[in-house]
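This report goes through one protein model together with its ligand, taking backbone geometry, ligand contacts, core packing and selected residues in turn. Please keep the sequence and the coordinates at hand while reading.

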Amino acid sequence: MQIYSPKEDSYLLEKAVKKYSKGSVLDMGTGSGIQANNAVKRKNVTKVTATDINKSCSKLLSKKIKFIHSNLFQKIPKQKFDTIIFNPPYLPQDKGITDATIYGGKKGYEITERFLNTCNSYLATKGTILLLFSSHTNKKKVDEIIENNCFEKGEIDSKQLPMFEELFVYKIKKSKLLLNLENKKITDVKKFAKGKRGIIFVGKLKNKKVAIKVKRKDSFAKGNIANEVKWLKILNKKNIGPKLINKGKDYFIYEFIDGQFISDFINSCKNKKRVLAIIKKVMEQCRKLDKLQVNKEEMHHPYKHIIIRNNNPVMVDFERCKKTKKPKNVTQFCQFLVSGYFLELLRTKGIRLNRSEILLAAKDYKRNKNDERFSELTKCIK
Ligand SMILES: C[S@@+](CC[C@H](N)C(=O)[O-])C[C@H]1O[C@@H](n2cnc3c(N)ncnc32)[C@H](O)[C@@H]1O
């Protein structure tokens, strides 16, 4: 395997290394050693480790540098680095490119993605990653990978090359949120899903999977996180919603519900009785909400709001929950049950709901929301 001789990309990253590297440094994919050899000369650098998948790269390194032959982090002993440098192979698969020093994977960003997905556990609290990539790597995707790992980035340099290629250097660090979560002993933080108003991350707390809901920076919605925290505290006491674990500014941590969304569950469930039992349990939770005089909202299309775990429905997403004199959780859920799609889905499971009977009983319940009318209504679900 050839050792990569320094080119425009190496020299661009070298400028950043000369300016920002400090403390304990890791040079990933060291190649000719240009970055490591520069870092080791800096006064505020205490130690340099260089690594490469190509064993022969050790030859070109200063004696003060420790070399580890490794595929990314695989052979790097667990430790924290203040600076991690990487000029990865960043070009996408192209005719003729088989050279491991420049070929970054089918799309170009695969090695960068594997690197960033593992980087956090090797990065000191206030550590910095200096990363180079090209416009051929797919900048949007690199940004997304950075966000997925709860990092923050700044573009500190760029260079236009011939043939419409541009090089970029990013200075990446742990986001405030990630630092806060690590302070709360949460590890392995990764993005899970993006909603209209919030982003959900998942992580581990004492080996248990937890979810973290964060306000989206581009959302204008105000107070949703605080509202959801307030209602989870109240509703958890009634065994509704995922258990709230902790909260911070603009985010909260709660139990991760590992299960299936309601229609996926019903689709895959072969047992009519189990489906009916789930629907009744959801109805009971809706009744509890009505009694508390709150509206969860969106119960007429709760596709992503009810997760079935161990045969128990758990309602999620209480951002828009509010106090009301006219609660409509039960009636909205009944509307959902008799909506075209769901009615048909239930029919495939041998459950034939009588639409007009349910709507009439729901109307009666709406006029007088008592236990008796609720019981009459649930009797129609058979
Ligand atoms: C573009 S060269 C950069 C070399 C040097 N750091 C520079 O700036 O000129 C990429 C380097 O990453 C190394 N590399 C490729 N895949 C790797 C992997 N999975 N783990 C570690 N190093 C890898 C290659 O051998 C190569 O030396």
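## Two loop residues with positive phi

In which loop, between which two strands, is Asp-317 found? In this predicted model, Asp-317 sits in the loop that runs between strand 18 (312-315) and strand 19 (322-323). The phi angle of Asp-317 is near 70°, which is a positive value in a residue other than glycine. Most residues other than glycine have a negative phi. Asp-317 has a relative accessible area of 22% and is therefore partly exposed, since the buried class ends under 20%. The side chain of Asp-317 also takes part in a polar contact of 3.0 Å with the side chain of Lys-213.

The partner in that contact, Lys-213, belongs to strand 12, which covers residues 208-215. Is Lys-213 buried or exposed? With a relative accessible area of 6%, Lys-213 is buried, so the contact joins a buried lysine to a partly exposed aspartate.

A positive phi is also found at Gln-293, where the angle is near 60° and the residue is again other than glycine. Gln-293 lies in the loop between helix 8 (272-291) and strand 16 (294-295), and Gln-293 counts as partly exposed because its relative accessibility is 35%.

## The ligand and its surroundings

How many residues surround the ligand? The ligand is surrounded by 17 residues, and the closest are Ser-10, Gly-29, Asp-52, Asn-71 and Leu-72. Sorted by class, this shell holds seven nonpolar residues, nine polar residues and one charged residue.

Several polar atom pairs can be listed individually. An N or O atom in the side chain of Ser-10 is 2.7 Å from an oxygen atom of the ligand, while a polar backbone atom of Gly-29 is 2.8 Å from a nitrogen atom of the ligand. The side chain of Gln-35 likewise places an N or O atom 3.0 Å from an oxygen atom of the ligand. On its own the ligand has 590 Å² of accessible area, and the protein covers 98% of this.

## The largest nonpolar core

The largest nonpolar core has 50 residues, of which Val-282, Phe-333, Leu-346 and Leu-377 touch the most other members. Which helix gives the most to this core? The answer is helix 8, which gives eight residues. The core lies between domain 2 (179-255) and domain 3 (260-379), because both domains give residues to it.

## Helix residues and their spatial partners

Leu-13 has its place in helix 1, residues 8-20, and with a relative accessible area of 0% Leu-13 is buried. Along the chain, Leu-13 and Asn-87 are 74 residues apart, yet their C-alpha atoms are separated by 7.3 Å. Asp-143 lies in helix 4, residues 139-148, and counts as partly exposed because its relative accessibility is 25%. The C-alpha atom of Asp-143 is separated by 8.2 Å from that of Lys-153, a residue ten positions away along the chain.

Glu-376 is placed in helix 12, residues 371-379, and at 43% relative accessibility Glu-376 counts as partly exposed. The side chain of Glu-376 makes a polar contact of 3.2 Å with the side chain of Lys-379. A second lysine, Lys-363, is 13 residues from Glu-376 in sequence, and the C-alpha to C-alpha separation of this pair is 11 Å.

## A buried strand residue

Where is Ile-308 placed? Ile-308 is in strand 17, which covers residues 306-309, and a relative accessible area of 5% makes Ile-308 buried. Although Ile-308 and Phe-265 are 43 residues apart in sequence, they are 6.8 Å apart in space when taken from C-alpha to C-alpha.

Definitions and conventions:
Residues are numbered from 1 along each chain as its sequence is written. This is a predicted model: local features need pLDDT of at least 70, side-chain atom pairs count only at pLDDT 80 or more; totals for chains, interfaces and linings use all residues. Side-chain values use heavy atoms; hydrogens and water are left out. A residue is near a molecule or strand if one of its heavy atoms lies within 4 Å of it. A polar contact is a pair of N or O atoms within 3.5 Å; within protein, one must be able to donate a hydrogen and the other to accept it, and residues adjacent in sequence count only if both atoms are side-chain atoms. Accessible areas come from the Shrake-Rupley method with a 1.4 Å probe; for residues, only the protein chains shown count as cover. Ala, Val, Leu, Ile, Met, Phe, Trp, Tyr, Cys and Pro count as nonpolar, Asp, Glu, Lys and Arg as charged, and the others, Gly among them, as polar. Helices (H or I, at least four residues) and strands (E, at least two) are DSSP runs, numbered from the N terminus. Buried means under 20% relative accessible area, exposed over 50%, partly exposed in between (1.4 Å probe, protein chains only). A nonpolar core is a set of buried Ala, Val, Leu, Ile, Met, Phe, Trp, Tyr and Cys residues joined through side-chain atoms within 4.5 Å. Domain bounds come from an automatic or database domain assignment.
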